[in-house]
Amino acid sequence: MISSSTQQAVDAAITSRRSIRAYLPQEVAREDIEQLLQVAGRAPSGTNTQPWKVYVLTGQRKAQLTAAILAAHNDPAVAAQHTEEYAYYPSQWVSPFIDRRRKVGWDLYALLGLTRDNKAGMAAQHGKNYDFFGAPVGLIFTIDRVMEQGSWLDYGMFLQNIMVAARGRGLDTCPQAAFTQYHRIITEQLQLPDQETVVCGMALGYADHSKVENSLQTERMALQEFVKFVE
């Protein structure tokens with residue numbers, strides 16, 4: 001039997017999770033990182049395949065990856081040579097998905113004082129992804145190329161477990177698909193085996209609540225918009 005206090009704590013960890021885009025320089029203890037990843041590893045996976053692999057970057061190694069990616073990202077000609085290894089988003093956007101995408105983007109830019117004509121400012125904000133938004137810990141996730149769509153579904157549950165476990169420890173995260181564009185640089189920097197595909201990155205650390213971007217509250221659908229009881 002789960003107590004009401006346990007239920008409330010779990011619910012709070014889930015509902016307080018947000019994508020945090022500015023972090024304090026406070027380090028995260030390795031013991032905490034190991035513990036939350038161990039807990040997250042209890043995520044379900046088809047026939048217990050456990051298709052996830054995590055590279056934990058801190059200090060100089062994180063800085064080196066950031067520098068290598070930004071060197072490419074900040075040069076439009078070089079950036080154009082880097083493409084995603086898999087399609088994260090649809091090739092053709094339709095409503096309501098495109099509407100939600102646009103809203104969250106412009107809500108964030110509005111908080112930062114970025115207007116539609118400030119392309120340089122928006123590019124600079126996007127570039128912060130590759131410094132893990134200043135978080136002391138950067139996570140890079142990979143999956144073996146032999147695994148199929150079902151294992152990617154499993155992977156999502158693992159990622160969610162990390163983010164919820166982090167909240168339970170007073171930590172914050174930001175899952176980052178932006179890293180997939182530069183998978184070749186990541187492969188070189190981390191010396192990934194040929195059979196590994198970069199899934200995404202994730203920032204991990206303590207939120208800097210003085211930063212306006214961390215006040216963004218994204219909207220969620222009402223229950224009746226996505227649930228249908230069949231009785």
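Okay, one definition to start: a residue counts as buried when its relative accessible area is under 20%. Keep that in mind, and also that what you see on the screen is a predicted model.

Let's look at helix H7, residues 149-168. Tyr 155 and Phe 158 both sit in this helix, three residues apart, which is about one turn. Both of them are buried. Why do we bother with spacing like that? An α-helix has 3.6 residues a turn, so residues three or four places apart point the same way.

They have company, too. Ring pairs join Tyr 155 and Phe 158 with Trp 52 and Phe 141 in a cluster.

What else is buried in H7? The list includes Ser 151, Asp 154, Leu 159, Ile 162 and Met 163. And what do the buried residues of H7 pack against? Helices H1 and H2, plus strands S1, S2, S3 and S4. As a quick check on the helix itself, its 20 residues should span 28 Å at 1.5 Å a residue, and the end C-alpha atoms are 29 Å apart, so that agrees. Just after H7 comes Gly 170, with a positive phi of about 75 degrees.

Now the sheet. It's an open one with four strands, in the order S1-S2-S4-S3, and the pairing is antiparallel. S1 and S3 are the edge strands, each pairing on one side only. From one strand to the next, the twist averages 25 degrees. S2 and S4 pair over eight bridges, and if you want one to find on the screen, Ile 140 has Gly 201 in S4 as its bridge partner. H7 lies across S1, S2, S3 and S4, at about 160 degrees to S2. Helix H3, residues 59-73, lies across S1 and S2 and runs at about 100 degrees to S1.

Back to the rings. How many aromatic pairs does the structure hold? Twelve. Take Trp 106 and Tyr 109: their ring centres are 5.6 Å apart and the planes are at 70 degrees, so we call that pair edge-to-face. Both lie in helix H5, three residues apart. Are they buried or exposed? Trp 106 is partly exposed at 27% relative accessible area, while Tyr 109, at 18%, counts as buried.

Last thing: charges over rings. The charged end of Arg 116 sits over the ring of Trp 106, 4.1 Å from the centre. Arg 101 lies over the face of Tyr 89, at 4.6 Å from the ring centre. Okay, that's me done.

Key: Residues are numbered from 1 along each chain as its sequence is written. This is a predicted model: local features need pLDDT of at least 70, side-chain atom pairs count only at pLDDT 80 or more; totals for chains, interfaces and linings use all residues. Side-chain values use heavy atoms; hydrogens and water are left out. Rings of Phe, Tyr and Trp (its six-membered ring) pair if their centres lie within 6.5 Å; planes under 30 degrees apart count as stacked, over 60 as edge-to-face and the rest as tilted. Helices (H or I, at least four residues) and strands (E, at least two) are DSSP runs, numbered from the N terminus. Buried means under 20% relative accessible area, exposed over 50%, partly exposed in between (1.4 Å probe, protein chains only). A charge sits over a ring if NZ of Lys or CZ of Arg is within 6 Å of the ring centre and within 35 degrees of the ring normal. The expected span of a helix is 1.5 Å times one less than its number of residues. Contact means heavy atoms within 4.5 Å. Two strands pair if DSSP finds at least two bridges between them. Axes are lines fitted to C-alpha atoms, for helices over the stretch in contact, and angles run from 0 to 180 degrees between N-to-C directions.
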